[in-house]
Amino acid sequence: MSRLVYVLNGPNLNLLGKRQPEIYGRETLADVEADCLKAAAALGLQLRFHQSNREYELIDWIHEARETAGGIVINPGAFTHTSIAILDALNAFDGVVIEVHISNVHKREEFRHKSYVSLRADGVMAGFGTQGYTLALQRVARLLDQKT
Ligand code: CA2
């Protein structure tokens, strides 16, 4: 299976490190991308890293991944709790899917406890801060190794 992994980020994650550091930490999304690129190189993975505030763009990247990638790491932001369309797109993807949340959504408001994406995800990281992304990449690499 392909060792290309898409790391997808949903709405408002472009504000990472710029507001609400008490919840999301001080690292910016550019810092997260740099961490992911470093981790991917060490794990023998190739990476495509994207963020969008638009649901359809996330869906288009998931469709693109269907053709080329072995894994998707996705922090869908608030779409986690609302988007059946993103769930449907992920259900059409055959590779590994890991869902990431920087904060521990289970410690927060009730509406954040429900995730449509978890119905498809092979694993879920929540509350590990931005480190959750590189931990998710480790898991993708392990699962891809097991498939070879
Ligand atoms: O904990 C996470 O990673 C979330 O996916 C983040 C989403 C939230 O809606 C989910 O319930 C949990 C929100 C992303 C907003 O990101 C910001 C970052 C910095 C400042 C403001 C927003």
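The largest pocket of this predicted model has a volume of about 420 Å³. Its lining is made up of 20 residues, and P11, N12, L13, Y24 and R112 are those that lie nearest the centre of the pocket. Sorted by class, the lining comprises eight nonpolar, nine polar and three charged residues. As for the method behind such a description, rolling a probe the size of a water molecule over the atoms shows where empty space is left.

From the pocket we turn to helix 2, which spans residues 29-43. This helix has 15 residues, and the distance from its first C-alpha to its last is 21 Å, close to the 21 Å expected at 1.5 Å a residue. Within helix 2, the residues L29, V32, C36, A39 and A40 are buried. They cover an arc of only 100° around the axis, and therefore sit on the same side of helix 2. The spacing reflects a general property: an α-helix has 3.6 residues a turn, so residues three or four places apart point the same way. On the other side of helix 2, by contrast, A30, K38, A41 and A42 are exposed.

What do the buried residues of helix 2 pack against? Their partners are two strands and a helix: strand 1 (4-9), strand 2 (46-51) and helix 5 (131-147). Just after helix 2 comes G44, whose phi is positive, at about 70°.

A further region to examine includes S83 and A85. S83 is found in the loop between strand 3 (71-75) and helix 4, whereas A85 has its place in helix 4 itself, which consists of residues 84-91. Are these two residues buried or exposed, wholly or in part? S83 has a relative accessible area of 1% and is buried, because buried means under 20% relative accessible area. A85, at 35% relative accessibility, counts as partly exposed, because that class lies between the 20% limit for buried and the 50% limit for exposed.

The contacts of the two residues can be read alongside these values. When residues up to four places away in sequence are not counted, S83 touches E55 and Y116. With its neighbours within four places likewise left aside, A85 is in contact with E55 and I59. E55 is thus a contact of S83 and also of A85. A separation in sequence and in space can be given for A85 and D60: they are 25 residues apart in sequence, and their C-alpha atoms are 11 Å apart.

Notes. Residues are numbered from 1 along each chain as its sequence is written. This is a predicted model: local features need pLDDT of at least 70, side-chain atom pairs count only at pLDDT 80 or more; totals for chains, interfaces and linings use all residues. Side-chain values use heavy atoms; hydrogens and water are left out. On a 1 Å grid over the protein atoms alone, a cavity is a set of points where a 1.4 Å probe fits but cannot get out, and a pocket is an open set with protein on both sides within 12 Å along at least five of seven lines; lining residues have an atom within 4 Å of a point. Grid points are joined across faces, edges and corners, and a volume is the space filled by probe spheres set on the points. Ala, Val, Leu, Ile, Met, Phe, Trp, Tyr, Cys and Pro count as nonpolar, Asp, Glu, Lys and Arg as charged, and the others, Gly among them, as polar. Helices (H or I, at least four residues) and strands (E, at least two) are DSSP runs, numbered from the N terminus. The expected span of a helix is 1.5 Å times one less than its number of residues. Buried means under 20% relative accessible area, exposed over 50%, partly exposed in between (1.4 Å probe, protein chains only). The arc is that of the directions from the helix axis to the C-beta atoms. Contact means heavy atoms within 4.5 Å.
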